[in-house]
Amino acid sequence: MRRNKRLLLRVVIQVRWTPAGDSAITEDTTTLVVNAHRALISLVMKVRPGARIFARKRSIVEDKQCRVVRIQEKHEGKSEVGVEFLRPDAKFWRLEFPPDDWK
């Protein structure tokens, strides 16, 4: 059973990942699905399951630390990447009317 409802929501975000022993990589992308604990995002960068990445909304100065939990290769060089917030934050998406179970 899901912890809370998912929303099909496209939000422009910036993702930052620093591979071991390498420089940070950033990518501007969009979410596909969000909830208070997780998000599904579209990425060109090649991350690994378990990797720690940071997501940032343009309207928010704060980075949200996430862990990659799932990767599904798609066409045109992009992957659908499932990420989980290390600290759930229903307010991160700044929805005016979030689902009741996000509280």
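**A guided look at rings and strands**

Visitor: Are Phe 92 and Trp 93 buried or exposed?
Guide: The yardstick is relative accessible area: under 20% is buried, over 50% exposed, and in between partly exposed (1.4 Å probe, protein chains only). By that yardstick, Phe 92 and Trp 93 are both buried.

Visitor: What kind of model is this, and how are its residues numbered?
Guide: The model is predicted, so local features need pLDDT of at least 70 and side-chain atom pairs count only at pLDDT 80 or more, while totals for chains, interfaces and linings use all residues. Side-chain values use heavy atoms, leaving out hydrogens and water, and residues are numbered along each chain as its sequence is written, from 1.

Visitor: How many aromatic pairs are there, and how are Phe 85 and Trp 93 arranged?
Guide: Rings of Phe, Tyr and Trp (its six-membered ring) pair if their centres lie within 6.5 Å; planes under 30 degrees apart are stacked, over 60 edge-to-face, and the rest tilted. That rule gives three aromatic pairs. For Phe 85 and Trp 93, the centres are 5.9 Å apart and the planes make an angle of 35°, and the pair is tilted.

Visitor: Why is the pair of Phe 92 and Trp 93 called edge-to-face or stacked?
Guide: Trp 93 has 3% relative accessibility, so Trp 93 counts as buried. The ring centres of Phe 92 and Trp 93 lie 4.9 Å apart with their planes at 75°, so this pair is edge-to-face.

Visitor: Which residues do ring pairs link into a cluster?
Guide: We have already met Trp 93 as a partner of Phe 85. Phe 85 has 4% relative accessibility and therefore counts as buried. The cluster linked by ring pairs consists of Phe 85, Phe 92 and Trp 93.

Visitor: Which charged residue sits over the ring of Phe 85?
Guide: A charge sits over a ring if NZ of Lys or CZ of Arg is within 6 Å of the ring centre and within 35 degrees of the ring normal. Elsewhere, Arg 16 lies over the face of Phe 54, 4.5 Å from the ring centre. Over Phe 85, at 5.4 Å from the ring centre, sits the charged end of Lys 64.

Visitor: Now for the backbone: how many helices and strands are there?
Guide: Helices (H or I, at least four residues) and strands (E, at least two) are DSSP runs, numbered from the N terminus. From that end the elements run β-β-β-β-β-β-β. The count is zero helices and seven strands.

Visitor: Which strands pair with S3?
Guide: Two strands pair if DSSP finds at least two bridges between them. S1 (residues 7-8) is joined to S3 by two bridges, and S2 (residues 12-17) by six. S4 (residues 38-43) has three bridges with S3, and these two strands form a hairpin with three residues between them. The antiparallel partners of S3 include S1, S2 and S4.

Visitor: Which residues stand opposite Val 34 and Val 33?
Guide: Both answers come from bridges with S3. Opposite Val 34 stands Leu 7, and the bridge partner of Val 33 is Leu 40.

Visitor: Where does Leu 32 lie, and how far is Leu 32 from Leu 9 in space?
Guide: Leu 32 belongs to strand S3 (residues 25-34), and with 17% relative accessibility it counts as buried. Beyond residues up to four places away in sequence, Leu 32 touches others (a contact means heavy atoms within 4.5 Å), among them Leu 8 and Glu 80. Leu 9 is 23 residues away in sequence, and the C-alpha to C-alpha distance is 5.7 Å.
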